[in-house]
Amino acid sequence: MDLQKYRQPDLINHVIDDIKKHTASVKFMEVCGTHTMAIGKWGIRKLLPKKIKLISGPGCPVCVTPSSVIDELSKLKKVTIATFGDLLRVPGSSGTLEKARALGLRVEVVYSPMEALELAKQVETIFVGIGFETTIPGIAHTIKIAKQQNVSNFSVLPACKLVPPALEALIAGEETKIDGFLLPGHVSVIIGSAAYNFIPQKYGIGGVVTGFEPLDIIVGIKKLLENLDQPQIINEYERVVTKDGNKNAQAVMFEVFAVQDALWRGLGWIPNSGLSIREEYAQFDALKKYGLRITDIPENPQCRCGDVLQGKIIPPSCTLFDKVCNPQNPVGPCMVSSEGSCAAYYKYER
Amino acid sequence: MSKMCLAIPGRLIKNLDGNKGIVDLGGVSKEISLAFIPNAIEGDWIIIHTGFGLEIMSEKDAFEMINILQEAYK
């Protein structure tokens with residue numbers, strides 16, 4: 001499938017010309033970290049009129065993982081921690097998993113939770129379950145397989161997050177006035193575009209589900225502008241996103257997990273935005289198996305990742321950005337993660 | 001391949017037993033789970049994330065927007 005068609009300069013310029021016809025001063029939030037990187041990579045911010053501001057939201061699961069997760073994992077002995085590589089350099093309150101590994105902590109990087117399950121057939125393994133709806137069904141499926149295969153060495157630290165409740169918390173917080181959302185394409189593959197209908201219905205704000213090619217994003221912005229007076233949820237990523245999402249994935253997700261409140265780094269506790277492992281699968285719950293606790297630990301007061309995640313400031317407004325904090329020496333999670341806003345600004349928009 | 005956020009398109013080149021398949025990711029073959037898209041067949045383009053196929057991509061829908069835009073800006 002030739003997605004180069006989504007990068008045609010002539011077509012992009014035509015859409016930009018249409019965008020320039022709109023006179024409103026607006027602030028749109030791209031929720032997803034992959035969108036943030038794409039906006040930086042393709043120079044989209046520079047193509048837009050100045051009155052259209054794009055701000056980044058909390059859509060990077062690594063960035064919103066509480067530092068207590070790192071702290072709790074760092075204490076574990078005689079167990080192998082299996083994690084996605086993004087998490088290795090995220091700072092906890094006293095160090096990273098990478099540094100703890102150098103001091104003897106057993107940490108293995110995996111691409112898939114199923115690889116962690118295979119590892120557990122050899123050694124006692126905890127898989128660090130971070131991610132949004134894109135990732136959660138795969139983790140749930142792996143827990144189901146662990147039960148079917150009776151792999152007693154395997155457990156999951158449930159730190160997954162749900163996107164719609166976080167968006168609601170951001171809107172209801174009213175600190176970030178948002179005129180529209182570019183909604184995350186691959187989260188929406190699972191939950192469907194209808195999952196966001198509460199945004200226009202309850203808050204009078206529109207949203208467009210978009211893909212990650214430049215034309216996807218530019219057309220998403222155009223649609224948001226065209227529908228400012230009649231806010232609605234529009235699906236511009238129909239090649240993979242349906243109205244109701246992937247029902248198979250949703251079924252597995254809610255068979256294994258139950259909804260509960262969750263702690264988001266930089267945002268605090270958000271109602272109904274997290275997941276716990278259901279009682280039927282309790283033997284695979286690392287929180288219970290090892291007595292781990294996810295708590296709210298104060299962050300470095302100079303690091304403004306919390307404000308970045310809420311769209312209150314852009315990364316260069318943080319006094320640490322590109323001075324003390326850079327990808328080689330990240331102070332906060334938004335600079336660590338390959339999908340973090342600060343990393344995107346550092347790489348593409350300095 | 002250790003980044004968790006990325007979901008990428010790949011082509012299913014072989015269905016295997018147990019709702020699994022082999023995908024071609026730009027020349028690299030990888031086994032993935034088709035548990036969420038059991039109707040995927042060889043030749044389909046699919047979105048892949050952390051070892052799982054999430055959805056089958058529609059070639060028709062993929063270029064519908066492009067066609068509409070090209071028509072509009074003729």
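In this predicted model, A:Tyr203 is in contact with A:Glu168, A:Ile171, A:Ala172 and A:Phe198, once its neighbours within four places in sequence are left aside. A:Tyr203 itself belongs to helix H10 of chain A, which covers residues 198-203. One of its partners, A:Glu168, deserves a second look: the two residues are 35 residues apart in sequence, yet their C-alpha atoms are 8.8 Å apart in space. Their side chains are joined by a polar contact of 2.6 Å. With a relative accessibility of 26%, A:Tyr203 counts as partly exposed, because that value lies between the limits of 20% for buried and 50% for exposed.

Helix H4 of chain A, residues 67-74, offers a view of the interior. Of its eight residues, seven are buried, so the helix is largely enclosed by the rest of the structure. The buried residues are A:Ser67, A:Ser68, A:Val69, A:Ile70, A:Asp71, A:Glu72 and A:Leu73. What do they pack against? Their partners in chain A are strand E3 (80-83), helix H5 (97-102), strand E5 (125-131) and strand E6 (154-160).

The loop that runs between H4 and E3 of chain A holds A:Lys78. Its phi is near 60 degrees, a positive value in a residue other than glycine. A:Lys78 has a relative accessible area of 71% and is therefore exposed. A positive phi is also found at A:Asn150, where the angle is about 55 degrees although the residue is not a glycine. A:Asn150 sits in the loop between helix H7 (136-148) and E6 of chain A, and its relative accessibility of 56% makes it count as exposed.

Next comes a pair of helices. Two packed helices are described by the angle between their axes and the distance between the axes. In chain A, the axes of helix H1 (residues 9-20) and helix H11 (residues 214-226) come within 10 Å and cross at roughly 20 degrees. Since angles under 35 degrees count as roughly parallel, H1(A) and H11(A) are therefore roughly parallel to each other. Their crossing is left-handed. On the H1(A) side, the contact is made by A:Leu11, A:Ile12, A:Val15, A:Ile16, A:Asp18 and A:Ile19. H11(A) contributes A:Pro214, A:Leu215, A:Ile218, A:Val219, A:Ile221, A:Lys222 and A:Leu225. How do the residues of this contact divide into nonpolar, polar and charged? There are 11 nonpolar residues, no polar ones and two charged ones.

How values were computed
Residues are numbered from 1 along each chain as its sequence is written. Chains are lettered from A and ligands numbered from 1 in the order in which they are written. This is a predicted model: local features need pLDDT of at least 70, side-chain atom pairs count only at pLDDT 80 or more; totals for chains, interfaces and linings use all residues. Side-chain values use heavy atoms; hydrogens and water are left out. Axes are lines fitted to C-alpha atoms, for helices over the stretch in contact, and angles run from 0 to 180 degrees between N-to-C directions. Helices (H or I, at least four residues) and strands (E, at least two) are DSSP runs, numbered from the N terminus. Angles under 35 degrees count as roughly parallel, over 145 as roughly antiparallel, 65 to 115 as roughly perpendicular and the rest as oblique. A crossing is left-handed if the near helix is turned anticlockwise from the far one by less than a right angle, and right-handed if clockwise. Contact means heavy atoms within 4.5 Å. Ala, Val, Leu, Ile, Met, Phe, Trp, Tyr, Cys and Pro count as nonpolar, Asp, Glu, Lys and Arg as charged, and the others, Gly among them, as polar. Buried means under 20% relative accessible area, exposed over 50%, partly exposed in between (1.4 Å probe, protein chains only). A polar contact is a pair of N or O atoms within 3.5 Å; within protein, one must be able to donate a hydrogen and the other to accept it, and residues adjacent in sequence count only if both atoms are side-chain atoms.
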